[in-house]
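This report goes through a single protein chain, from a loop residue to strand pairing, cores, polar contacts and model confidence. The sequence and structure come next.

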Amino acid sequence: MTRKILLVVFFSMQAISSYGCESCGCSFSGLGLGMLTGFNRTYAGLSYQSSGFASAEGHNPTIHDQMQLLELSFRYRINSRWQVQAVLPYRHNRRTEPGFTGLKQGISDVSMMGFYRFINQKQLGKSTILSLDGGAGFQAPTGQYEYDLVHRQGLPDNFSLGYGAWAPVIQLNAVLTRGDNGLITTGQHIHYLSNPQHITFGAQTFIRSVAFHNMILSNGWVLTPFAGFQAEMQGWNYNEEGLKMTDTKGYAWSLPLGISIDLQPLVINASTTIPLEQQYANGTLEAKSKIQLQLLFAF
């Protein structure tokens, strides 16, 4: 039972949206393997996610953005309470509109975090178990930020590969299970410091609650479908004069759906995130459904 709980926590934490707003440089980037909680094994992983954006109906010119993210991740279990992790992302951003195609690709901002288990599978009644993790770390400005990208290449600010700024990150995850069913609630907050161009990106806040059900197959593999609800909020960006940047604040309410399978020691996850309600660039840009595929080798 404990092993199944740990596996489903890993998988359900992966259905994370990757939205952005056109004119501001904000990006609700995939939190990827950084959202793990309760997964008590060292691992190496590879994940791919793709999210699309398009001009809202009636808006000209017609614009299509495709944001793709490939992440290499490593997480090391120090003991039953402490874990550390590192994530190296690679971005491929493409914009298509009549008579123009733009592309930016390369290494993005690396993140490193440490996690501590405050409540370690505490028994609540006969079959209910509670775990609570807290994490803190930072996102480093390893990806290139291009302040004048719109003037040189006709691409919006959020096509830059990084933010050009250090960003402290805090995270809290709660897992409640009862038999083969459970509920996971998680939250993360990223606060960006000013970059060398004196641009300050708005803080990003992510909250999600996901329900899951474990099914043990005849060959011993574990199959886990999951679904839930998530909210993402992006604050205002501020320019070098300390003024709010137009169209930079945004939010999204979404429905994550997915399924995972543990093949021991290989684990595979496939998921999608469906937007329910959103507000980007004053309604001129709409996010489409996102897909995510992941492979993990745990040892």
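## The loop around Q264

Q264 is partly exposed, because its relative accessibility of 39% falls between the 20% limit for buried and the 50% limit for exposed. The residue is placed in the loop between β14 and β15. Its phi is near 55 degrees, a positive value in a residue that is not glycine. The peptide bond that leads from Q264 to P265 is cis, and its omega is near 10 degrees. P265 belongs to the loop between β14 (250–262) and β15 (266–279).

H198 also has a positive phi without being a glycine, at about 65 degrees. This residue sits in the loop between β10 and β11.

## The model as a whole

The model is predicted. Its chain contains two helices and 16 strands. Of the 299 residues, 52% count as buried. Among contacts in the chain with a separation of 6 or more, 63% are between residues 24 or more positions apart.

The average pLDDT of the chain is 82, and 83% of the residues score at least 70. Confidence is highest in strand β8 (residues 128–139), with a mean of 94, and lowest in strand β1 (residues 19–20), with a mean of 38. Over residues 8–38 the pLDDT stays under 50, and for this stretch the model has 169 contacts beyond four places in sequence.

## Strands β9, β10 and β11

Strand β9 (residues 167–178) runs antiparallel to strand β10 (residues 181–190), and 10 bridges join them. One of the partnerships is between T177 and G182, the latter in β10. The two strands form a hairpin with two residues between them, and G179 in the turn has a positive phi of about 65 degrees.

D180 lies in the loop between β9 and β10. With a relative accessibility of 29%, D180 counts as partly exposed. Its C-alpha atom is 9.6 Å from that of T224, a residue 44 positions away along the chain.

On to the next pairing: β10 is also antiparallel to strand β11 (residues 204–213), again over 10 bridges. Here L183 has A211 in β11 as its bridge partner.

## Nonpolar cores and aromatic rings

The largest nonpolar core has 11 residues: M113, F115, Y145, Y163, A167, V169, I190, Y192, I199, F201 and M245. The elements that contribute two or more residues to this core are β7 (111–124) and β9. Apart from it lies another core of nine residues, including L155, A252, Y280 and L285.

A167, a member of the 11-residue core, is in contact with G137, F138, Q139, I190, H191 and Y192 once neighbours within four places in sequence are left aside.

Eight aromatic pairs are found in the whole structure. In one of them, Y251 and W253 have ring centres 5.3 Å apart and planes at 40 degrees, so the pair is tilted. Y251 is partly exposed at a relative accessible area of 24%, and W253 is partly exposed at 27%. Ring pairs also link Y145, Y163, Y192 and F201 into a cluster. These four residues are listed in the largest nonpolar core.

## Two buried serines

S131 is found in strand β8, and S50 in strand β3 (residues 43–55). S131 counts as buried, because its relative accessibility of 10% is under the 20% limit. S50 is likewise buried, with a relative accessible area of 10%.

The polar contacts of the two side chains are set out below.

| Serine side chain | Partner | Distance |
|---|---|---|
| S131 | backbone nitrogen of Q121 | 3.1 Å |
| S50 | side chain of Q66 | 2.4 Å |

Not counting residues up to four places away in sequence, S131 touches R117, I119, N120, Q121, N173, A174 and V175. Q121, the residue reached by the side chain of S131, is thus listed among these contacts.

Leaving aside neighbours within four places in sequence, S50 is in contact with Q66, M67, Q68, S289, K290 and I291. Q66, joined to S50 by the polar contact, is one of this group.

Methods. Residues numbered from 1 in each chain as written. Predicted model: local features only at pLDDT ≥ 70, side-chain atom pairs only at ≥ 80, totals over all residues. Heavy atoms only, no water. pLDDT = per-residue confidence, 0-100. Helix = DSSP H or I, 4+ residues; strand = E, 2+ residues; numbered from the N terminus. Contact = heavy atoms within 4.5 Å. Pairing = 2+ DSSP bridges. Core = buried A, V, L, I, M, F, W, Y, C linked by side-chain atoms within 4.5 Å. Buried < 20%, exposed > 50% of the residue type's maximum accessible area, 1.4 Å probe, protein only. Polar contact = N/O pair within 3.5 Å; in protein donor to acceptor, adjacent residues only side chain to side chain. Phe/Tyr/Trp six-rings, centres within 6.5 Å; stacked < 30°, edge-to-face > 60°.
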